[in-house]
Amino acid sequence: MPYAPPSRCTDPECHEFATTRGRCDDHQPIPWEGRDDKAARYGITSGEWRTLKRRVTQRDNGCCYMCGAPPPDPYAYDEDDRATWPHELDHIVPVSEGGARRSLDNLGLACTTCHDEKSKLESTRANQRRRSRLSGR
């Protein structure tokens, strides 16, 4: 089966062949460039976030608020196994949907499995809201 010939990098001054997404290796986009950090998104510094996580951990005994999973053993941590990662501090009602940023009533610990599932659902809802706003114009 025939295939397309290699194309040039989309950078106007570059004459190298494109390797990925229409760009050469030197002109690949930087991941997360231009994305806000947690302080810019939520108005919370990393120190405040750590303090909130410590308070929620003490309140909930380190258990996931969705499935009740106990905190993972810190000595069993494996970088390749997300089930061994510590629980993540999560906004129960997302800030984008009107949830409070710093309220302990809106914060809970979530195991990585529950956090990933919840994040996917939240992003799906956000995309649907954005699409409905764009189509309503």
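The following exchange asks how several features of this predicted model earn their names.

User: What should be kept in mind about how the values were obtained?

Analyst: The model is predicted, so local features need pLDDT of at least 70 and side-chain atom pairs count only at pLDDT 80 or more, while totals for chains, interfaces and linings use all residues. Residues are numbered from 1 along each chain as its sequence is written, and side-chain values use heavy atoms, with hydrogens and water left out.

User: Why is the contact between K118 and D90 called a salt bridge?

Analyst: The term requires a side-chain nitrogen of Lys or Arg within 4 Å of a carboxyl oxygen of Asp or Glu. For K118 and D90 the N to O distance is 3.0 Å, and the contact therefore qualifies. K118 lies in helix α3 and D90 in strand β1, so the pair ties together parts that are 28 residues apart in sequence; helices (H or I, at least four residues) and strands (E, at least two) are DSSP runs, numbered from the N terminus.

User: How do you know whether K118 and E122 are buried or exposed?

Analyst: Buried means under 20% relative accessible area, exposed over 50%, and partly exposed in between, with a 1.4 Å probe and protein chains only. K118 has 13% and therefore counts as buried, and E122, at 18%, is also buried.

User: What makes D90, K118 and E122 a network?

Analyst: Salt bridges link D90, K118 and E122: besides the pairing of K118 with D90, E122 bridges to K118 with the closest N and O atoms 2.3 Å apart. E122 and K118 both belong to helix α3, where four residues, about one turn of the helix, separate them.

User: Why is E48 called partly exposed?

Analyst: The relative accessible area of E48 is 32%, which lies between the two cut-offs, so the residue is partly exposed. R102, at 40%, is likewise partly exposed, and E48 forms a salt bridge with R102 in which the closest N and O atoms are 3.3 Å apart.

User: What makes I44, W49, L52, V56, L89, L107 and L109 a nonpolar core?

Analyst: A nonpolar core is a set of buried Ala, Val, Leu, Ile, Met, Phe, Trp, Tyr and Cys residues joined through side-chain atoms within 4.5 Å. These seven residues make up the largest such core, to which α2 (46–60) and β2 (107–110) each supply at least two residues. The largest share, three residues, comes from α2.
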